[in-house]
Amino acid sequence: MNRFVKPETAILQLENGDTLVVKVRLNTGETRAMRADILGADDNQSRADRSAFAVVVAYLLDWTINDDGRPVVIRDQPPDVVRAALNALDYDSFIEIANAIGDHVKRLKDAREEEKKTRNSVTESPATLQSPSVAVGVTNG
Amino acid sequence: MSAIPLRGAFGAIRWFYYTAAGVRDFSVVYNQDRRAWTLRGGAVAPDPFKLQQRPLSFMAPTKGGPPLTWPVLDVVVQDGRIVATLGDPGKVTTL
């Protein structure tokens, strides 16, 4: 199945014989714009959407996703190229990618937290260094 | 030999209903030796994914009439400028 949205249209009939021409599907860019229009730019969900997109752009280096067999090259491309490719995907595919990268970021964060806890417990165990009862290498004579 | 260029303030390269790039302060000129039309102008919000799709068309609005349209045969965006080779006008698919 192609994950990229093609610009296909459908005709919808209205009751009085008028017709509407509509997009068959929205791509990720259009879906994100629509959600931002519905929710407002300052809404928490809108912020979360923008944040998820930024995280994907920051982490994503390469993929095997193609457009009907044609490679969609993102490796070593500027962020604008990556953004354009992500925005052209269907939204379900984008969510799948965002979740996979989100899980990866969470695993990294959890591992760092665990490492921090381990480090703290190691440094806490010998709470204070004991002063030597006899000064080493010092004589009073 | 080149004809006098057709100039405009703003046009658009389209992929069906999508705008692949806006083209600001453009010129379209026919080169009789090469038998090709060449579009040049400033790139506005070029979308690298959509510019790789086919078929693309260039649409130039006219005062009170239908837009002039050309099929885009190839297109390059570099340093904020668009240069495209166009086919004969009028033979495009839109929407």
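Start by selecting Val82(A), Arg83(A), Ala84(A), Ala85(A), Leu86(A), Asn87(A) and Ala88(A), the buried residues of H3(A). The model in the viewer is a predicted one. Seven of the ten residues in this helix are buried, so H3(A) is largely enclosed by the rest of the structure.

Now show chain B as well. The two chains meet through eight residues of chain A and eight residues of chain B. On the chain A side, helix H3 (residues 79-88) gives the largest share, five residues. Coloured by type, that side of chain A has six nonpolar residues, one polar and one charged.

Zoom out to chain A as a whole. Chain A holds four helices and four strands, and from the N terminus their order is β-β-α-α-β-β-α-α. Of its 141 residues, 13% count as buried. Among contacts in chain A with a separation of 6 or more, 49% are between residues 24 or more positions apart.

Next, move to chain B and select E1(B) and E2(B). These strands pair in the antiparallel sense, with nine bridges. Two residues lie between them in a hairpin, and Phe16(B) in the turn has a positive phi of about 50°. To check the register, pick Arg7(B): the residue opposite, in E2(B), is Ser27(B).

Then add E4(B) to the selection. E1(B) and E4(B) run antiparallel and are joined by three bridges. Pick Ile13(B) here; the bridge partner in E4(B) is Phe58(B).

Ile13(B) and Phe58(B) lead on to the largest nonpolar core. This core has 21 residues, and those touching the most other members are Ile13(B), Leu39(B), Phe58(B), Val72(B), Ala84(B) and Leu86(B). At least two core residues come from each of these strands of chain B: E1 (6-15), E2 (18-31), E3 (36-44), E4 (56-60), E5 (68-78) and E6 (81-86). The largest share, six residues, is supplied by E2(B).

Centre the view on Ala84(B). Leaving out residues up to four places away in sequence, Ala84(B) touches Ile13(B), Leu39(B), Phe58(B), Val72(B), Asp74(B) and Val75(B). Apart from the largest core lies another, of 13 residues, including Val82(A), Ala85(A), Leu86(A) and Phe49(B). In soluble globular proteins, nonpolar side chains tend to be buried together.

The last stop returns to the helix selected at the start: Val82(A), Ala85(A) and Leu86(A) are among the buried residues of H3(A), and they are also among the members of the 13-residue core.

Terms used. Residues are numbered from 1 along each chain as its sequence is written. Chains are lettered from A and ligands numbered from 1 in the order in which they are written. This is a predicted model: local features need pLDDT of at least 70, side-chain atom pairs count only at pLDDT 80 or more; totals for chains, interfaces and linings use all residues. Two residues are in contact if their C-beta atoms, placed from the backbone, lie within 7 Å. Ala, Val, Leu, Ile, Met, Phe, Trp, Tyr, Cys and Pro count as nonpolar, Asp, Glu, Lys and Arg as charged, and the others, Gly among them, as polar. A residue is buried if 20 or more other C-beta atoms lie within 10 Å of its own, exposed if 12 or fewer, and partly exposed in between; C-beta atoms are placed from the backbone. A nonpolar core is a set of buried Ala, Val, Leu, Ile, Met, Phe, Trp, Tyr and Cys residues joined through C-beta atoms within 7 Å. Two strands pair if DSSP finds at least two bridges between them.
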